[in-house]
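Got your viewer open? Load the model and let's take a walk through it, one selection at a time.

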Amino acid sequence: MVAMLPAWTATLDTAIAAGGQIRVWCSSCRQNRDVDLVALRDRVGGFYSLRNRRCRCRLTPGCPGWNEFDYLNGVFRPLREIEVVEWRLHRFRSAVGG
Ligand SMILES: [Zn+2]
C-alpha cells in the first residue's frame, strides 16, 4: 500500500498545529532548506496548501530549476499526490501487460 499524504499536510494551519516539518528543495541546484511555516502563513494565510506545489527556484539567484516540497515523516517524502496516481497507473499497466 502507498500511504496517502498525512492529514496535517493539508494546509499551513494544520501543519503548524501538528508541529509538522516541511522542506523546500531544488531539482537543479540541489539546495534545500526548512520552510518557516509560521512566516509563510503570515504572508499567504492559514488555508494555503503546499501540496502538489512547484515554483521557480528561490534558493539560488539565477537558478533555472524548480522548487518542490517534502514533508517529514520519519524521512522526507514528496508532498505530492501525483506520486500515488503514477504508482497506481504503473500497477494497472503491469496488470494488463502493457
Ligand atoms: Zn535551484
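Here is the tour, from the whole chain down to single residues.

**Before you click.** This is a predicted model, where local features need pLDDT of at least 70, side-chain atom pairs count only at pLDDT 80 or more, and totals for chains, interfaces and linings use all residues. Residues are numbered from 1 along each chain as its sequence is written.

**Whole protein.** Show it as a cartoon and you'll find 3 helices and 5 strands (DSSP runs, H or I of at least four residues for helices and E of at least two for strands, numbered from the N terminus). Following the sequence, the order is α-β-β-α-β-β-β-α. Of the 98 residues, 11% count as buried (20 or more other C-beta atoms, placed from the backbone, within 10 Å of a residue's own; exposed is 12 or fewer, and partly exposed is in between).

**Colour by pLDDT.** That's the predictor's confidence in each residue, from 0 to 100. The protein's mean is 89, with 88% of residues at 70 or more. Select helix α1 (residues 12-18) for the highest mean among the elements, 98, then helix α3 (residues 82-96) for the lowest, 68. Where pLDDT is low, don't read the predicted coordinates in detail.

**The hairpin.** Now pick strands β4 (residues 66-73) and β5 (residues 75-78): they run antiparallel, joined by 4 bridges (DSSP must find at least two for strands to pair). Y71 sits opposite R77 of β5. Between the strands there is 1 residue, and G74 in this hairpin has a positive phi near 85°.

**Last stop.** Is P78, in strand β5, buried or exposed? P78 is partly exposed, because 16 other C-beta atoms lie within 10 Å. Add L5 to your selection: L5 and P78 are 73 residues apart in sequence, yet their C-alpha atoms are 9.1 Å apart in space.
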